[in-house]
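Colleague: I would like to go through this model one point at a time. Please reason each answer out before giving the result.

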Amino acid sequence: MGKTNAADRKNAAIEKLRQQATVPQATSDGLSTSSAKGVAAPGPLGVPDLFGPYPNWAWSPLPEFTDAGAYITGTGIRKFVNQLPIPSTVTTDGLSKQLPIANPDTVTYPGSDYYEISLEEVAYKFHTDLPGNGTKVRGYRQTNQGTTGVTNTNFNYAGPIIVADKNRPVRVKFTNNLPVTANGGNLFIPTDTSMMGAGKGPNGTDSYPQNRGTLHLHGGMNPWISDGTPHQWVAPGAEPGPYTRGVSTRNVPDMPPPGGGVMTFYYTNQQSARLMFYHDHALGITRLNVYAGEAAGYLVRDDVEKSLASQGIIPPLAEDIPLVIQDRTFVDSAVAKPVYSVALLSGGTGYSTTTAPTVVIDPPTTPGGVQATATATVDSTTGAISALTLTAKGSGYTAPPTVTITDAPGGTGSGAGAYAFVNSILATDPTWDTNTWGKSSDLWLPHVYMPNQTGSALGLGANAMGRWDYAMWFWPPYTGLLNHGLMANPYYDTVNAPWEPAQMPSIPNPSATPEAFHDTPVVNGTAYPYLDVQPKAYRFRILNACNDRMLNLQLYKGDPNIPAVDNVNRTGTEVRMIPVPQGQSVYGKPSGIPDPTMRGPNMIQIGNEGGFLPEPVVLTNTPIGYETNPKNIVVGNVLEKNLFMGPAERADVIIDFSGMPAGTTVILYNDAPAPVPAFETRVDYYLNNPDQTGTGGAPTTLAGFGPNTRTIMQFRVGGGTPVPFNLANLQNAFKSTANTTGAFAASQHPVLVPQAAYSSAYNANFPTTNIVPIQANSLTFTPKGSAIPVTIYFKSKAIQELFEVNYGRLNATLGVELPFTNGQNQTTIPLGYAEPTPDHVTGAWTAAVPTPGDNTQIWKITHNGVDTHPVHFHLFDVQVLNRVGWDGAIRLPDANELGWKDTVRMNPLEDCIVALRPVVPRVPFGLPRSVRLIDPTQQQGVSISTIDPTTGNPTTVLNNPTDYGWEYVWHCHILSHEENDMMHAMTLTPTSSIWGQTELLLLNN
């Protein structure tokens, strides 16, 4: 997000109130909140007011109360009243959910498991308290019958989960059964058609349809034709127009041609046991499709994992439960509402302490509405107003009403100001269109790019409601560099709205935003679920499936002394907090930290997205902490953490509840900042958080209800006989000895660079020196089991965060770092997806340790920016060697980052060094090369401006057919970043012998 903080925004809000008090209509001696008098308020699909009283944001339904303070039944979203959907049983909470396991057809393609998967649009119930028949979503359903047993062909969000065996292929026939555009096939969330691939196609007339879909098996080792990259998609079979399939869409050669609206996929499963997931990846709308529901789990099992389970070393299949964690926001009703709260922005000075000041909330504009009322409390010592009390909420409000504070007659008090919050989307996001996008209970997505700066507006310094920086108002400004700069601000009025600048950014509405952090956690398709467990160990496969939000997961016992505000004797829904201990590296945390005496069971992590770890990692429930040494170049980066997961990262963990007494509630707790590391307080929702409505945030969260992004789900421990988990047996099973091979060594590809942390996994004594310092351009080491040293020269890659030149919005890009740089030359060369790619790898037939001159590469990725990015590599896993700050400080990988990873966190002002050796997937058919235009969304032959990655000099190339070999991609998995150009094509060239064999197979097929 942007660089302004809560204090900047509050000061800007107070200054805006001061200016509002000077307009001719103002009669108070305090400050009032209002939009410009005489200027029409923004309406659905209209021009948003970027600087007025509207946050242009929305929140899920909030609990509501009578004027007497009694909870109004049926309002808000109660936590922990619906059960977690799991594969083994159907929930009994009235929603009757079950997370389906796909049932394979093993006959149609002998030697393979075959599934037919349909992409559909349905109404789905995320929570009992969300009104109506369900939220409109898009997702997957199995439509064919399995060979044996009963096939669950019902739709369930986050399913069906495909379970595969190592080396046994899975074949999928994917059918896009979404409605055609003419019958409501457009997306039901705001779609920014300025994103590449989301608007007009190369003919300049027809647009890419919004009902496109595909499958990308995230983490899969698959042929490029089945990778589901951004140019591999189909529209529904009946969709008219020239753009009904992506230019790189290829079907499996030995499966029948599927026809329109259908794709076929071949997944090799030539990898160790692990959790993967499949999701959409269509160009320009990936983030939207995934947010709409297009994601589901995929498990690979192998003999090593099965042996551990059969021996009782890890929990059995019955206690193996997926946790697919997402964040979502649900539209509150678009109707007139009462005033929900009044936030004091400034207490002013000099108010009478004998007679209370008068607080007037403007009446509603809706006919028949009732005016809200409030009173003020004055501090007897300072004369400042210390609190406002909403005495009557009124009714009929569709916009934030003006709050006018006037001292008692004869008093001299002045300067107090407040903001009245109305939780209706009409009042918080007035350009949201319920006819085009979501209605009550449907999904909400930010669509207004709210600039942090205010341009020509005087005195504000910042936009009180702002969220992101804008290129023309940042320093140095992008004057003359943007394709679309400033435009006249229709809300500008020097008399009635002096706080409005004369010009505003000409950013489209709807607009993509740099991130979208939501207010309601969803697990396996249910908001705030609970799970009944017995006092024994369970295995959880955790996937961070949030579009943009990172997680730092911990376990704490629910506090029995905090009752929920609905007065129905609900406790154990909240985590007890204490002030931050002096000296602890946690700052900016008004919430405090969880009480360490309430810690729940430790998590024992045995795997990540690449399969088993070299050894189990015991996670002791550590709150998030930051580097606070101001002399450290990475000051502010995350330092302490527990189970810390970026989007798309996975964790295989064991939780032993045997030490928890019967009746204990344990809460899965998250305190990761959003974004990481420069947290934005307005998207951190927790119990008793400060009311930030006056600066574009939410009101205070109440006990037992959302919005709350800290309390993800709840475990309820039953009264069975405790069965303690044997940690020592698990640890021994991962160690190799002279006579036994541990789980990691038995199941995983050999590590490329032997490091000390892998010694126990291989029964070896690896050196501590195989790490990369900041100045290095190569690494010399002796591979495991070899006596011959290998020297590998690095491929220099880069991450840069600046502004895109179309509309001046923040974006991040991948690129290259010029080799052998110094203080005299430009080092980072940003390159977009629609430019020639600098990223090329070679594939080998088999996994092996490096040998001189083979296809092993080491990438040194330099991060010149402020956000942590989870970077995902298609096709292959990488070994994280180390990170190193620009000051030279070396940071070894976290213990749960060892082994193999397909998604790696890249931190600001650090180089992240990863080793890779791609292995070509073996398939029973030949594969063509990927030949396409560099930018398929533009006409052939047009010039593309780019930068020479070897010299840093500007150049142009023609948009002509280009050979990408076997084409894959790598990108940031913050989907808002990926979509706005933080992605590169990556060409894989098999060895010449492999090319020959595959081309021969292709001819024979």
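Modeller: Before we start, a term: strands here are DSSP runs of E with at least two residues, and they are numbered from the N terminus. Keep in mind also that this is a predicted model.

Colleague: In which loop is Pro510 found?

Modeller: The peptide bond from Asn509 to Pro510 is cis, with omega near 10°. Pro510 belongs to no strand here but to a loop, and that loop is the one between β18 (503-505) and β19 (520-523).

Colleague: Which residue does a cis peptide bond join to Gly706?

Modeller: Most peptide bonds are trans. The bond in question has omega of about 5° and is cis. The partner lies in the loop between β30 (665-670) and β31 (711-717). Gly706 is joined by this cis bond to Pro707.

Colleague: Is Asn569 buried or exposed?

Modeller: Asn569 sits in the loop between β23 (551-557) and β24 (577-578). Its phi is positive, near 60°, though Asn569 is not a glycine. A residue counts as exposed over 50% relative accessible area. Asn569 has 72%, so it is exposed.

Colleague: What is the relative accessible area of Leu909?

Modeller: Leu909 also has a positive phi, of about 60°, and is not a glycine. Its place is the loop between β42 (903-906) and β43 (910-916). Partly exposed covers values between the buried limit of 20% and the exposed limit of 50%. Leu909 is partly exposed, with a relative accessible area of 23%.

Colleague: How many helices and strands does the chain have?

Modeller: The count covers the secondary structure of the chain. It comes to nine helices and 49 strands.

Colleague: Why is the chain said to be as compact as a globular protein of its length?

Modeller: For 1005 residues the globule rule gives 30 Å. The chain comes close to that value, so it is as compact as a globular protein of that length; its radius of gyration is 29 Å.

Colleague: What share of the contacts between residues at least 6 apart joins residues at least 24 apart?

Modeller: Buried residues make up 62% of the chain. For the contacts, take those between residues at least 6 apart in sequence, then ask which join residues at least 24 apart. That share is 74%.

Colleague: Over which residues is the pLDDT below 50?

Modeller: The mean pLDDT of the chain is 93, and 95% of its residues reach 70 or more. One stretch is below 50, although beyond near neighbours in sequence it has 50 contacts in the model. Where pLDDT is low, the predicted coordinates should not be read in detail. The stretch is residues 26-36.

Notes: Residues numbered from 1 in each chain as written. Predicted model: local features only at pLDDT ≥ 70, side-chain atom pairs only at ≥ 80, totals over all residues. Heavy atoms only, no water. Helix = DSSP H or I, 4+ residues; strand = E, 2+ residues; numbered from the N terminus. Rg over C-alpha atoms; globule rule 2.2 N^0.38 Å. Buried < 20%, exposed > 50% of the residue type's maximum accessible area, 1.4 Å probe, protein only. Contact = heavy atoms within 4.5 Å. pLDDT = per-residue confidence, 0-100.
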